[in-house]
Amino acid sequence: MKTILTVAVVLSSAVFTTAAWSKDDPAAGAKLYTANCTACHGADRAGMPGAFPALTDVSKRLQPAQIKDKIRKGGGLMPPFAQLSQQEIDDITSFLAK
């Protein structure tokens, strides 16, 4: 019984640790945006009219799932960013929502 209780405590703490770790991080998203997005969308997220859309209000135009899909798969002139992890994509999306 003691072993079962110990295993249950270890497993539940692992679940809670993973949940806390995977929380979206807008600060990390800002750094990732700077490294991956500013060349086209600009540091101020204003974009370049006619070529690269502004991202200042992207969360008003697209749902979070759509933003994540666009980052992952690209589209139009935007290349796919398949090298980014799901957590990194979540962080960028969280940053863009601010």
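# Notebook: a chain of helices, looked up piece by piece

**Entry 1, helix α6.** I started at α6 and listed what is buried there: Gln87, Ile89, Asp90, Asp91, Ile92, Thr93, Ser94, Phe95 and Leu96. That makes nine of the 11 residues of α6, so this helix is largely enclosed by the rest of the structure. Note to self: this is a predicted model.

**Entry 2, the whole chain.** Next I stepped back to see the full layout. I found six helices and zero strands in the protein chain. Read from the N terminus, the elements go α-α-α-α-α-α. The chain has 98 residues, and 24% of them count as buried. I also looked up the accessible surface, which comes to about 6700 Å². Carbon and sulfur atoms hold 66% of that surface. Then I checked how far along the chain the contacts reach. Taking contacts between residues at least 6 apart in sequence, 48% join residues at least 24 apart.

**Entry 3, the largest pocket.** How big is the volume of the largest pocket? I get about 410 Å³. The lining has 23 residues, and His41, Pro53, Leu55, Lys70 and Met78 are the closest to the pocket's centre. I wanted to know which helices take part. α3 (38–41), α4 (58–61), α5 (64–73) and α6 (86–96) each give at least two residues to the lining. So α6, my starting point, turns up here again. By type, the lining splits into 17 nonpolar residues, four polar and two charged.

**Entry 4, His41.** I picked His41 from the pocket list, as one of the residues closest to the centre. His41 sits in helix α3. Is it buried or exposed? His41 has a relative accessible area of 9%, which is under the 20% cut-off, so it is buried. I then noted its contacts, leaving out residues up to four places away in sequence. His41 touches Tyr33, Ala46, Gly47, Phe52, Pro53, Leu55 and Met78. Of these, Pro53, Leu55 and Met78 are also on the list of residues closest to the pocket centre. One more distance for His41: Thr56 is 15 residues away in sequence, and their C-alpha atoms are 9.5 Å apart.

**Entry 5, Gly47.** Gly47 came up among the contacts of His41, and I followed it. Gly47 lies in the loop between α3 and α4. Its relative accessibility is 23%, so I wrote it down as partly exposed. Setting aside neighbours within four places in sequence, Gly47 is in contact with Cys40, His41, Phe52, Pro53 and Ala54. Phe52 and Pro53 appear in the contact list of His41 too. I also looked at Gly47 and Cys37, which are 10 residues apart along the chain, and their C-alpha atoms are separated by 9.8 Å.

**Entry 6, Arg45.** Arg45 is in that loop between α3 and α4 as well. What caught my eye is its backbone: Arg45 has a positive phi of about 65 degrees although it is not a glycine. At 14% relative accessibility, Arg45 counts as buried.

**Entry 7, the cysteines.** I searched the whole structure for disulfides and found zero. Cys37 is in none, and its nearest cysteine sulfur is that of Cys40, 8.6 Å away. Why is there no bond for Cys40? The closest cysteine sulfur to that of Cys40 is in Cys37, and 8.6 Å is too far for a bond, because a disulfide needs the sulfur atoms within 2.5 Å. I compared how covered the two are. Cys37 counts as buried at 15% relative accessibility, whereas Cys40 is partly exposed, with a relative accessible area of 32%.

**Entry 8, Gln83.** Last stop, the loop between α5 and α6, where Gln83 lies. Gln83 is exposed, with a relative accessible area of 55%. Not counting residues up to four places away in sequence, Gln83 touches Asn36 and Glu88. I also noted Arg72, which is 11 residues from Gln83 in sequence and 8.3 Å from it in space, C-alpha to C-alpha.

Technical notes: Residues are numbered from 1 along each chain as its sequence is written. This is a predicted model: local features need pLDDT of at least 70, side-chain atom pairs count only at pLDDT 80 or more; totals for chains, interfaces and linings use all residues. Side-chain values use heavy atoms; hydrogens and water are left out. On a 1 Å grid over the protein atoms alone, a cavity is a set of points where a 1.4 Å probe fits but cannot get out, and a pocket is an open set with protein on both sides within 12 Å along at least five of seven lines; lining residues have an atom within 4 Å of a point. Grid points are joined across faces, edges and corners, and a volume is the space filled by probe spheres set on the points. Helices (H or I, at least four residues) and strands (E, at least two) are DSSP runs, numbered from the N terminus. Ala, Val, Leu, Ile, Met, Phe, Trp, Tyr, Cys and Pro count as nonpolar, Asp, Glu, Lys and Arg as charged, and the others, Gly among them, as polar. Buried means under 20% relative accessible area, exposed over 50%, partly exposed in between (1.4 Å probe, protein chains only). Contact means heavy atoms within 4.5 Å. Accessible areas come from the Shrake-Rupley method with a 1.4 Å probe; for residues, only the protein chains shown count as cover.
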